[in-house]
Amino acid sequence: MTTLLIIDMQVGMTWPKAEVRNNHQAEDMIARLLRDWRLRKAPVVHVRHISRTPGSPFWPGQPGVEFQPELSPLTHEHVVEKNVPDAFINTGLDRWLHARGESSIVIVGVSTNNSVENTARTAGNLGFKTFVVSDCTYAYAKTDFNGVARSADEVHAMALANLDGEYASIIRSGDALNVVHSLV
């Protein structure tokens, strides 16, 4: 079966921010995929960022570090805690997937150009058949290296373009289950 990998869907991501984001329906779409995965008894991994920066909303013991209630793991679902954007670095995730014979993953979560992109690159480099669900991820507006302000949609689109065909296949939520079933 294909594993659903949900990245950094924590309470702190729901707090108001100055940055502008895209894909405001992402949480609902992720919840829909999560329900589908659970109905099929397919593997789910929840990734949580644990910050090393005191005062961060993701610092241990802060309410922002907790999973969003509608996306919280069930007791039998695997939880990975990471300290860097890449969910494979120093977490044992690749070992957990290989031990269960998993060879393909579907990635959703936040943010497209940070933890999602980093994790998808490593997954592809490790040989996993990797899918990133474009409408189940989101990014924030950002100023690029040349000082040009980029919208959240532009940041999101570039991150997906960086991954597509090289490290992962980019799909939409409506295609996620179809693609997954074709791999079984």
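Trainee: Over how many bridges do S1 and S4 pair in the parallel sense?

Mentor: This is a predicted model, in which local features need pLDDT of at least 70 and side-chain atom pairs count only at pLDDT 80 or more, while totals for chains, interfaces and linings use all residues. Residues are numbered from 1 along each chain as its sequence is written, and side-chain values use heavy atoms, with hydrogens and water left out. Strands (E, at least two residues) and helices (H or I, at least four) are DSSP runs numbered from the N terminus, and two strands pair if DSSP finds at least two bridges between them. Thr-3 has its bridge partner Ile-105 in S4, and the parallel pairing of S1 with S4 counts 5 bridges.

Trainee: In what order do the 6 strands of the open sheet lie?

Mentor: The pairing in this sheet is parallel. Its edges are S3 (78-82) and S8 (169-171), each paired on one side only. From one edge to the other, the order is S3-S2-S1-S4-S5-S8.

Trainee: How many bridges join S4 to S5?

Mentor: One pair to look at is Gly-109, whose bridge partner in S5 is Thr-137. The two strands run parallel, and the number joining them is 6 bridges.

Trainee: How many residues of S4 are buried?

Mentor: Buried means under 20% relative accessible area, against over 50% for exposed and partly exposed in between (1.4 Å probe, protein chains only). Ser-104, Val-106, Val-108 and Val-110 point one way from S4, Ile-105, Ile-107 and Gly-109 point the other way, and all are buried. The count for S4 is therefore 7 of its 7 residues.

Trainee: Which residue's side chain makes a polar contact of 2.7 Å with that of Thr-2?

Mentor: Thr-2 is in the segment before S1 (3-7) and counts as buried because its relative accessibility is 2%. A polar contact is a pair of N or O atoms within 3.5 Å; within protein, one must be able to donate a hydrogen and the other to accept it, and residues adjacent in sequence count only if both atoms are side-chain atoms. The partner of Thr-2 is Ser-104.

Trainee: What angle does the direction of helix H4 make with that of S5?

Mentor: H4 (residues 152-163) packs on the sheet and touches S5 and S8, where contact means heavy atoms within 4.5 Å. Axes are lines fitted to C-alpha atoms, for helices over the stretch in contact, and angles run from 0 to 180 degrees between N-to-C directions. The value for H4 and S5 is about 175 degrees.

Trainee: Why are H3 and H4 called roughly parallel to each other?

Mentor: Angles under 35 degrees count as roughly parallel, over 145 as roughly antiparallel, 65 to 115 as roughly perpendicular and the rest as oblique. H3 (residues 112-125) and H4 have their axes 10 Å apart. They are therefore roughly parallel, the packing angle being about 10 degrees.

Trainee: Which elements are included in what covers the buried residues of H3?

Mentor: The buried residues of H3 include Thr-112, Val-116 and Ala-120. Thr-112 and Ala-120 are also among the H3 residues that meet H4. The cover includes S1, S3, S4 (104-110), S5 and H4.

Trainee: With which side chain does that of Thr-112 make a polar contact of 3.4 Å?

Mentor: Thr-112 has a relative accessible area of 0%, so Thr-112 is buried. Its C-alpha atom is separated by 5.7 Å from that of a residue 25 residues apart along the chain. That residue, which is also the polar contact partner, is Thr-137.
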